[in-house]
Structure formats: C-alpha cells, structure tokens
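I keep these entries for a reader who has not met this structure before. Each entry says what I looked up and what I found.

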Amino acid sequence: MATIGHQIVFWIIAVVMTVAAVAVVTARNVVHAALYLVGALMSAAALYILLLAQFVAWVQVLVYVGAIVVLMLFGLMLTNAPIGRASLDNNQRFLAAVTAGVLFLVTSFIMVRAFEGQSIDLVREQGTLTESVGEVIFSAYVLPFEVVSVLLLAALVGAIVIAKRD
Amino acid sequence: MAVIEKVKLPGPASWLLNWSRKYSLWMMQFGLACCGIEMGAAIASKFDIIRFGVIPFPASPRQADLLVVAGTVTDKMAAPIKRVYDQMPEPKYVISMGSCANCGGPYWDSYAVTKGVDQIIPVDVYVPGCPPRPEALLQGVIRLQQKISGENPSEKWLGHTTPIPVIPEPGLAGGV
Amino acid sequence: MAVDEHRAPRTTESDDARRLVKARRPGFGIGLLKGMAVTLKHLFKHNTVIQYPDEKQDLSSRTRGVIALKEENCTVCMLCARECPDWCIYIDSHKETLAPKREGGRPRKRNILDRFAIDYALCMYCGICVEVCPYDALFWSREFEYAEYDIRELTHEKEKLSDWMASVLPPPALEEGAEYPGSPTRAPEVADGAAAPVKPVQAEASDAAAGTPERRGAQAAPLGTGGRPADAGAPKEAKPDVGPVPGRQAEAAPAPEGAEPAAAEAPPVQEEEQQAAPSQEQAPGPEPTAEDHAGPGGRTETASPEVLGIQMGAEPASPSPRESTETPSPEVLGIQMGGGPAPSPGAGEDAVGAPEEAETRTPQEGPDPEEVARLQETPGPNVEVPNEEPKPTALDPTEDPKEVYEAVLSDQLAKGSSPEVAEARAKVARVKAERGIARNPGVATKEDS
Amino acid sequence: MFDITLATWQILVIKIIVILTVVPVGALVGGYAEHKVMAHLQHRLGPMYPGGFHGWATTLADGIKFLYKEDIIPAAADRKVFSLAPAAIMVPIIMTYLVIPIDRALIVEDLDVGIFYLLAVGSLSTIGLLMAGWSSANKYALIGALRSAAQLIAYELPIVLAAVVVAMLAGSLSLIDIVETQNWPFAIWPPGIGFIAFLLFTVGAVAEMTRVPFDMPVAESEIITGPFTEYSGMRYIFAHMFAEMGHMVAFGGIGATLFLGGYQPIVPIPFLDFIPGVIWFSAKTMFMIFLFLWIRPTFPRVREDQLQKFAWKFLIPVGLALVLVTGAWVLYV
C-alpha cells in the first residue's frame with residue numbers, strides 16, 4: 001500500500017543500489033569496489049527506512065558501513081594488499097558472472113514466492129518498531145541470539161589466539 | 001580561479017577578497033636559524049601574532065598563505081624552500097625575515113649560503129634585523145597587510161608578476 | 001594516566017621504592033584534574049600581550065635597532081667600512097682644499113662626505129662600526145620598524161641615516177658619584193638636544209683634524225681610493241645580486257687580507273692612547289669608564305691617523321718626533337709620545353706589539369693632582385672647569401643634638417650596651433645631628449648613595 | 001503561536017535550509033571560540049584586528065579566503081575519491097544536527113531511535129577520512145587516515161557504552177524522552193553512574209574529534225596534517241576546519257542533551273522555567289564546548305599505542321562494567 005511518492009523514491013534508491021552493486025564487482029580497484037559497496041549498503045539502509053524499519057536501517061549503517069567496510073578498507077590499506085588494476089585481472093570473469101546471475105535468480109525466486117501476496121502497512125502508528133524488535137529478539141529468538149553471540153565471541157577469541165602466536 | 005583572473009571584479013567584491021586575504025594569513029613557518037626563535041617569540045604570548053589574523057597553524061604548505069623564511073638559507077635548504085613555495089596554493093605571500101634571508105647577512109661570502117631567499121622565490125616584505133625583534137616581524141606583517149589591501153585580485157591571481165603597488169610610507173608607527 | 005601505570009618497570013624496583021611510589025601516587029585522575037585547574041587558573045590571569053602597533057614595549061636604551069649617522073662628525077676615515085664584517089657600509093667622498101688657517105700656513109685639505117649608505121638587508125647589527133668610529137659619527141638608535149617591500153629601499157642613504165639621529169637617545173647619565181677626570185664634583189653634563197653625546201670637545205674635533213693637513217691628506221688618499229668599493233657610485237643598481245657586491249668590494253680593496261690583521265690590532269692602539277691621555281695634561285674627557293670611543297675627540301683625533309698608518313701600511317708607521325713637532329698641534333702629539341712607556345720613535349709600533357700591557361692598565365687610575373691643579377689654573381680652550389667648591393650633601397640640622405644625645409644614650413643603655421659604648425654612640429649621634437647627617441645607618445646609605 | 005500551515009515539502013525545504021545555515025555558522029563561531037579560549041588560557045588575546053571588535057570576523061575571513069584559494073589536486077591522486085572525500089566527511093556531521101533537540105518543539109526530526117541514529121551516523125565519517133588519506137597519494141596522509149580510522153573505531157565504543165547507559169536509565173532511545181526524564185544533570189539517578197558515563201563520553205568525544213590530547217591522526221610534528229595533508233582551498237576547509245568545528249559543536253549539543261538535561265533548567269525549580277529552553281540548551285552546549293577547548297591547551301599529545309591501550313584496556317572495560325551496574329540498578333532498584 002504505497003503512495004506514488006514511495007514508488008518514486010523506491011525506484012531511485014533501487015537504481016542507485018543496483019548500479020553500485022554492479023560497480024562493486026566490476027571495479028578494477030579494490031578500494032573503489034569497497035567504496036561502491038558503501039553506496040550499495042547505504043541504499044539498502046535507505047530502503048529499510050522507506051519501509052519504516054528505522055532501527056534496522058541504522059543497524060545496517062552502524063554495523064555494515066561504519067564497521068565492516070571500514071575494517072575492509074583498513075585491512076586493504078594497512079596490509080600490502082594488491083590495489084592496482086593489473087593485479088585484479090584474471091580469466092574467470094565469465095564464470096563468476098554466471099554464478100552470480102544464477103544465485104541472484106534463485107534467491108529472487110525464493111523471496112518472491114515466499115512473500116507473494118503479503119503487504120506491509122506503511123502507515124501504521126510509529127514508535128513501536130524498535131520496541132517490538134527488541135521484544136522479539138529477547139523473547140522469541142533469544143536462543144539464536146545468544147548462539148550468535150557465543151559464535152562471535154569464539155571467533156574473537158580465536159582471532160586473538162592467532163594474533164598472539166607470532 | 002579562472003573567473004577571478006578574467007572578470008573585472010566590482011569594488012566591494014574585490015574589497016571583500018582583499019579583506020579576507022588580509023586577515024587570514026595562515027603562516028608557514030620556515031625557521032632556519034636564530035630568526036626562527038624570534039619568530040617563535042612573535043607567535044607566543046607576549047607578541048601574539050594571531051592578533052593580526054596570522055595563524056601559525058598549518059603544517060602543510062597546501063593550506064598556507066604566508067611563508068616566513070626566517071634564517072640562513074643554505075644552498076642545501078634552498079631547494080626545499082622552493083618546493084614548499086611551489087606547493088602553496090596561489091594567493092601566496094613571502095616574508096623574508098632577517099639579514100641572512102634578505103641578503104646572506106654575515107654569511108655573504110660563504111660558499112654554502114644562498115645570498116638572499118629572493119634569489120629563489122619572490123619576496124613581498126623584507127624585515128631587516130639580525131635577528132629582527134618580534135615586533136619587527138609584526139611590523140612586516142602590517143606592511144604586508146597594507147600591501148594586500150591595495151591589491152587587484154584579478155592581477156594577483158596571475159601570480160607574482162604584478163608590479164609592487166606604491167603605498168605611501170606609513171612612517172614610524174608610534175613615532176619617536 | 002592509567003596507561004602509564006602498566007608500563008612502569010615494576011620488577012626493577014625494590015619493595016620500599018614501590019611502597020613509596022604507591023604512597024606518593026594520588027588518586028586516579030587527580031593529576032589530570034590538577035592540570036585542568038592550572039590552565040583554568042591562567043584563564044583568569046591578566047594576559048601578557050603587548051599589543052604591538054597600539055602599545056610599544058619600552059626597549060632597553062642599548063637596543064640595536066638601526067644605526068644613525070651624525071653626518072657632520074664623519075671625516076671619511078673609512079674605519080667603519082673597513083671594519084664591517086659584512087661590508088655593508090658604502091662611503092664616497094672627495095677632497096677639497098681649504099684656505100690656510102693663519103697667514104703663511106699651508107692650505108689644508110679636507111675630505112667631504114658624498115655618500116654614506118648602510119645596507120640594512122646585509123647588516124648583521126654587530127655594532128663594530130659604532131664602536132670603531134673615532135669621531136662619534138655613528139650611533140645606535142632603538143628604531144626597528146623599517147621593513148620594506150623592495151630590498152633596495154633597505155639601503156639607507158646618508159639622508160635617511162641622518163634622519164635616524166632624531167631617535168638616538170642621549171647617553172646614559174654617569175653613575176652617581178662617578179667623577180670626571182680633573183673635576184671631581186662636576187655634575188654629569190647632559191648634552192643639548194637628544195642627539196648630541198656628552199662630548200665637550202666635540203666641536204673642536206674637525207678643527208683638530210684640519211690641524212694636521214699633510215698627514216691627513218697622506219693617509220686619506222689611499223683610503224679614499226682603495227677602501228671604497230669600485231662600484232660604490234652605483235650600488236643601488238647592483239643590489240639584486242647583492243651577494244657578489246661585497247666580494248667585488250673586497251677585490252677592489254688594495255689588500256684586504258693584509259689590512260685585516262692590522263685592523264684587529266687597531267683597538268689596542270687606541271686604547272693605549274686613551275689610557276695615556278688622562279694622566280697627561282689632556283683636556284678632561286667626559287668619563288674614563290665610558291666606551292673607548294667616548295674619549296676626548298681632540299686626542300683620539302690625533303691618534304687615529306697613526307693608527308690608520310699602521311693599518312694601511314701605506315707609509316712607515318711611526319711618525320718621528322720631529323714630524324710631530326711640525327704639526328700645528330704639537331703638544332697633543334707630544335702627549336701621545338710621552339704617554340707611552342718608552343718614548344721611542346716607534347711608539348705606535350710599541351703599542352701594537354704590547355697590547356696586553358696596554359690593556360692591563362686600568363683606566364680608573366685617577367688624574368695626577370698636580371696636573372689637575374695646573375689645569376684648573378690654565379684650562380685649555382675646550383675645557384670648562386667648574387669653580388664652585390665641593391659641598392656636603394645636606395647642611396640643615398634636622399634634630400636637636402642634645403635630644404639626640406639623650407635619646408641615643410638611653411636607647412643604647414636600654415639595649416644592654418656598656419655605658420662607655422653607649423656614650424660613644426651617643427656622641428657620634430650628636431655630631432651627626434649637628435652636621436645634619438642622617439643618623440640611622442639604613443636611612444643614611446639610602447640618602448647618600 | 002503562529003497559525004501557519006505548510007505543505008510537507010515546504011517544511012522539508014525549510015528544515016534543510018536551517019540545517020545548512022546552522023552548521024557553518026556553528027563551525028565559524030566554534031572556531032572563533034577556539035581561538036579566543038585557547039588564547040586566554042595561554043595569557044594571549046587571540047585575534048584582535050579582523051573585523052574590529054576583538055577580531056570577531058577572523059573565522060569569517062578564513063572561510064571567505066579558503067573559498068577562493070587555489071584548489072590543488074596532486075597529479076598522482078585518485079581524483080574522484082579525492083574530490084568526494086570532503087563531502088563524505090562533512091555529510092555525516094551535518095546529519096548529526098538533525099536529531100539534537102534545541103527545545104521541546106525545536107528539533108528537526110524526533111526519531112524514536114535518536115541516540116542510535118547519532119551513533120550510526122557518527123561512525124560514517126571514518127570512511128571519508130580513509131578516502132581522503134588513501135586518495136592523496138601521500139604516505140603521511142595514508143598513515144594519518146589509518147590512525148584516524150583505528151582511533152575512531154576504538155573510541156566509538158566508549159561513546160556507545162555511555163549512550164547505552166543513558167538509554168537504559170531513560171528507558172528510551174528518543175532524545176526528547178531522554179531529556180524529559182532528566183531533572184538533574186548527569187542523568188541523575190544514580191548520580192555516580194551518570195557522572196562516570198559523562199566522563200566516558202567526554203573522553204570518547206575528544207578522541208572522536210581527533211583533538212588534543214588524542215590528535216595523532218593530524219599530529220603535525222609526525223605526519224604533517226594527516227589525511228588532509230594534500231588538501232587546499234575549499235576542500236580543506238570542508239574536510240578539516242568545518243568538520244572539526246562542526247563536530248565539536250555537535251558533540252557539545254549531544255553531551256548537553258544526554259548528560260546535562262538538554263533544554264531543561266539546570267535544577268528543577270519552577271522559578272527557572274521562565275528562561276526559554278533554547279537558552280538552557282545553548283548554555284549547556286557552550287559549557288561542553290568550553291570543556292573541549294579547555295582540554296586542548298592543557299594536555300600533551302599521547303602516543304599512538306597509549307591511545308589504543310587506553311581505549312581497549314581501560315575505557316571499554318569500564319564502560320561494560322557500567323552497563324552491567326546500570327542494568328542491575330534498573331532491574332532491582
């Protein structure tokens with residue numbers, strides 16, 4: 001149940017996001033690719049906001065853009081990673097494109113079939129979303145949440161152990 | 001900027017440009033010898049060169065407007081000075097502070113000293129002294145500000161080719 | 001900071017030291033707060049800024065701001081130009097022949113100053129020219145505000161240099177109690193006008209210079225041609241490549257390397273002359289403790305050609321006594337000769353050879369009382385001898401002597417002095433009161449000094 | 001008070017204009033305050049001649065001058081990234097102004113995730129710094145960019161933890177709600193927790209702004225101006241001066257909102273209610289800014305490893321402990 005304005009904004013964001021996503025994989029420069037990734041992730045956050053999912057949107061910004069991409073850039077710049085365009089060329093682009101296309105089609109199919117016919121009421125009362133997200137996470141999904149936490153903790157400890165060795 | 005070079009600016013606009021340049025002289029400090037100490041004194045509390053809008057802040061020549069060459073310019077240091085000057089963005093000014101930077105000073109017959117920084121970069125104000133008092137540097141800054149306020153921005157943007165404007169002698173500030 | 005605590009090398013410390021450190025360490029973050037308190041305290045203190053163009057710092061009277069030229073004192077002796085380490089003084093002159101001073105005398109020749117310029121872009125403000133000037137033509141001024149847009153403007157010609165004279169301070173007053181040679185109680189004479197230094201015989205300097213015509217001419221000729229830079233007429237045009245200019249000047253000079261050692265020895269010679277002077281019947285100069293160039297102009301005047309002669313090597317250095325008696329100021333040169341330890345024909349060379357000896361002689365040695373007496377009877381033309389008698393400082397009795405006597409006596413007895421001592425002190429106090437001298441030692445020194 | 005009805009897009013335009021005016025003006029005033037406060041802390045006077053009265057126009061002159069200075073892009077630089085980096089630094093800082101409540105009704109947008117929004121947006125300018133440093137083709141710029149990225153990541157966490165404490169005590173993420181629940185400064189109940197959170201926030205904010213004593217990313221004695229070494233003219237003033245000053249004003253406002261009671265009177269006395277909230281808010285913001293300016297001339301720059309140790313080994317554990325204590329307090333007291 002979207003107004004015309006919503007539609008226009010959606011399509012603008014969608015086009016930007018698609019272009020950015022394509023640029024991520026076609027960019028010859030890794031740093032450029034990471035920066036295009038920022039664009040794609042920000043567009044995703046914009047889409048969340050369009051769906052009134054503010055909390056999720058800002059989590060997207062905080063975690064993906066503010067932390068993950070920064071860490072990627074940080075790693076690229078701090079290590080001796082090959083950044084130039086020559087080092088990125090290989091002969092498997094066709095294969096990669098086919099794989100990505102197939103994956104995209106499969107995912108889209110599944111998503112469309114799963115949520116076909118459902119509609120979200122975009123004009124419902126505000127101020128409840130963050131609360132409801134919190135309640136759901138810490139009541140119904142508390143076990144997966146804690147499992148994920150433990151997993152991250154294990155990864156963290158493992159990283160420290162590896163780093164400490166030398 | 002291309003526009004400023006080509007278009008003749010109306011009076012208020014060029015006044016504004018001159019005014020802003022005059023009171024926002026970010027100062028690149030090139031202290032090379034004892035004059036550098038006096039330059040430091042001019043920056044410090046007692047003389048406080050920031051009162052004139054001369055801000056000794058930028059560490060990078062890219063953000064500097066004013067290069068103060070204070071001290072003996074050796075031939076080895078001449079190249080870095082030239083380089084720093086070339087790295088500064090265009091409306092830029094140079095103050096040569098002290099006899100060494102002006103003319104070589106006590107080292108006028110040294111094989112290793114450049115006889116005046118004006119042999120490598122254009123100098124706007126020469127401050128005499130060996131070393132000059134901090135106030136002498138401040139007076140040099142005042143003279144530079146007087147010079148800036150009489151400038152034609154569109155000519156200035158073409159570089160240092162403009163003739164030095166004739167500005168009436170301000171006399172001894174304060175008199176004796 | 002907490003970070004530093006982790007880094008402290010604990011293992012090397014003994015237990016005692018560790019305990020001490022622990023005891024001394026304040027609570028966490030206290031140091032940071034103390035630092036903040038310090039800066040905050042300074043926020044409310046008055047600032048120390050001298051707002052330069054609006055308010056001026058009171059500079060020391062000896063500030064080396066700019067060198068001023070007193071043009072009429074310059075005799076184109078070229079000493080300043082030759083002594084200048086930077087070769088930044090340019091002097092031009094020409095000779096004029098003047099009529100003889102009296103009937104039948106020889107016509108005199110004088111050097112007339114055409115150009116005197118100091119290149120302040122090059123000057124290193126060492127002040128050697130001021131010190132070396134025998135005729136007091138150069139002075140330090142405190143003025144420092146002459147930054148220029150064009151480096152050529154920094155070469156101040158003699159007009160501008162003369163303008164700076166307006167800002168030259170009068171010389172400092174003599175120390176209280178300091179005496180002029182030959183006139184113990186004379187008050188320090190403040191020259192008329194700010195520019196003129198204390199120099200009673202200054203006006204006669206040029207006369208005396210004119211008094212030795214041939215020798216001056218002989219000396220001045222090589223100086224005038226050789227010491228001047230070859231292109232001195234047009235140094236303004238030569239300014240942009242200013243580096244080579246002094247070099248050319250050095251080449252143009254006849255023998256700069258040879259001249260320099262001689263120049264280095266010149267000051268002792270002068271000093272020797274100066275020390276010799278006060279003990280002779282020379283005119284009383286302003287003060288024996290002043291800088292060496294502040295000596296009486298007439299005396300230094302006669303000394304300098306000789307100095308120049310030694311420096312230049314242009315002629316045999318020592319003037320013979322016969323020659324000196326020929327000069328129109330015989331007694332002046334005679335003094336000079338007699339002043340040296342050995343009145344040999346080569347007095348000047350002797351002085352050069354024994355500079356240490358000349359220096360060890362203290363300039364404070366008082367004037368010969370006989371000479372002083374003689375001088376006061378027949379003062380020289382340049383000398384003003386004050387006639388008034390020396391006076392005690394205070395003459396009005398301020399207290400009643402008897403009361404003072406009683407008061408001091410009782411006071412001393414009350415303090416526990418023996419009766420003899422108390423009486424003696426009381427008598428002293430009475431005498432002091434009679435003569436109007438302040439009694440209290442602390443007060444007395446203050447008033448007397 | 002005024003009965004004006006506006007269309008949505010009109011309100012939006014007005015909001016954008018207001019924000020785009022407030023940010024540079026705040027940056028200029030902040031810059032002037034920095035000159036003056038630092039000068040007086042050092043027995044100086046600071047700018048006196050620009051503009052006449054106590055040099056009020058000195059930052060204005062800076063702004064105008066930098067607008068038309070020659071804009072240099074090094075030949076080896078990555079031109080696109082180099083040009084975009086100032087925007088990537090500046091935009092997040094402008095965005096933080098959106099949710100700071102100046103008064104009960106004076107807020108651009110009262111998001112129900114306000115505090116979370118602030119944290120998310122605040123993490124964005126790191127990318128701009130990395131872009132600036134990497135694209136300059138200058139080793140000092142790159143080192144500075146890496147330093148600032150490491151520092152911003154490290155010191156975001158204490159701020160997050162301090163903000164979490166405040167959100168837990170207030171029971172809401174909305175900044176208006178947080179202000180309304182504070183009758184006293186330092187999120188009063190329990191007072192100790194609020195004060196420690198305030199200290200955590202202040203330290204973190206100073207480090208986030210890369211100001212002294214945590215200014216290693218722009219340490220001029222080591223790496224010139226860090227990521228901004230190659231920037232000149234307008235790009236420089238947006239990337240560095242406006243950004244730093246705008247950041248400072250924004251953090252002042254955030255600190256005043258989270259810890260000092262925002263637009264509320266300093267103590268809950270009805271007598272003080274006649275003073276408008278704007279004035280309270282401004283006074284508290286100015287206090288915070290003065291605190292930042294006061295810290296700058298007081299402390300020397302710490303070393304890079306000290307900086308990291310201080311964040312990871314001290315501030316973050318303290319913050320975590322504080323969150324635990326606060327949780328216990330909220331649950332059981």
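Which side chains of chain B and chain C meet in a salt bridge? I looked this up before anything else and found C:Glu148 and B:Arg143, with N to O at 3.8 Å. I note here that the model is predicted, and that my entries rest on computed values.

**Entry: between chain B and chain C**

I asked for the count of salt bridges between these two chains, and the count is 1. I then looked for polar contacts across the interface of chain B and chain C, and the rule gives 10 residue pairs, both residues of each at pLDDT 80 or more.

I went on to the side of chain B that touches chain C. The elements of chain B that give two or more residues to this side are α5 (98–103), β5 (125–127) and α6 (134–149). Of these, α6(B) gives the most, with 10 residues. I sorted the residues of this side by type and wrote down 20 nonpolar, 9 polar and 10 charged.

How many residues does each chain bring to the contact? I found 39 residues from chain B and 37 residues from chain C. Interface size is often stated as the accessible area lost when the parts come together. For chain B and chain C I noted a buried area of about 3,300 Å², with 62% of it from carbon and sulfur atoms.

**Entry: chain C by itself**

I turned to chain C and recorded 19 helices and 5 strands. The chain has 449 residues, and 43% of them are buried. I also looked at contacts in chain C with a separation of 6 or more: 73% of them are between residues 24 or more positions apart. The exposed area of chain C is about 24,000 Å², and carbon and sulfur atoms supply 54% of that.

**Entry: salt bridges over all chains**

I searched the whole structure and got 25 salt bridges over all chains. I followed up some of them.

One of them joins C:Lys158 and C:Glu71 through their side chains, at 3.4 Å from N to O. Why does this pair tie together parts that are apart in sequence? C:Lys158 lies in helix α6 (residues 158–164) of chain C, while C:Glu71 lies in the loop between β1 (66–69) and α4 (79–83) of chain C, so the parts they tie together are 87 residues apart in sequence. I checked burial as well: C:Lys158 counts as buried because its relative accessibility is 11%, under the 20% cut-off. C:Glu71 has a relative accessible area of 31% and is partly exposed.

Next I looked up C:Arg115, which forms a salt bridge with C:Glu157; their closest N and O atoms are 2.8 Å apart. C:Arg115 sits in strand β3 (residues 108–119) of chain C and C:Glu157 in the loop between β5 (155–156) and α6 of chain C, so this pair ties together parts 42 residues apart in sequence. C:Arg115 is buried, at 9% relative accessible area.

**Entry: a network in chain D**

I then took D:Arg296 and D:Glu34, whose side chains meet in a salt bridge at 2.4 Å, N to O. D:Arg296 is in the loop between α11 (277–295) and α12 (304–332) of chain D, and D:Glu34 is in helix α1 (residues 8–41) of chain D, so the parts tied together are 262 residues apart in sequence. Is each partner buried or partly exposed? D:Arg296 is partly exposed, with 22% relative accessible area, whereas D:Glu34 is buried, with 7%. My last note is that salt bridges with shared partners join D:Glu34, D:Arg211, D:Glu244 and D:Arg296 into one network.

Notes
Residues are numbered from 1 along each chain as its sequence is written. Chains are lettered from A and ligands numbered from 1 in the order in which they are written. This is a predicted model: local features need pLDDT of at least 70, side-chain atom pairs count only at pLDDT 80 or more; totals for chains, interfaces and linings use all residues. Side-chain values use heavy atoms; hydrogens and water are left out. Contact means heavy atoms within 4.5 Å. Buried area is the accessible area (1.4 Å probe) that two parts lose on being put together, summed over both. A salt bridge is a side-chain nitrogen of Lys or Arg within 4 Å of a carboxyl oxygen of Asp or Glu. A polar contact is a pair of N or O atoms within 3.5 Å; within protein, one must be able to donate a hydrogen and the other to accept it, and residues adjacent in sequence count only if both atoms are side-chain atoms. Helices (H or I, at least four residues) and strands (E, at least two) are DSSP runs, numbered from the N terminus. Ala, Val, Leu, Ile, Met, Phe, Trp, Tyr, Cys and Pro count as nonpolar, Asp, Glu, Lys and Arg as charged, and the others, Gly among them, as polar. Buried means under 20% relative accessible area, exposed over 50%, partly exposed in between (1.4 Å probe, protein chains only). Accessible areas come from the Shrake-Rupley method with a 1.4 Å probe; for residues, only the protein chains shown count as cover.
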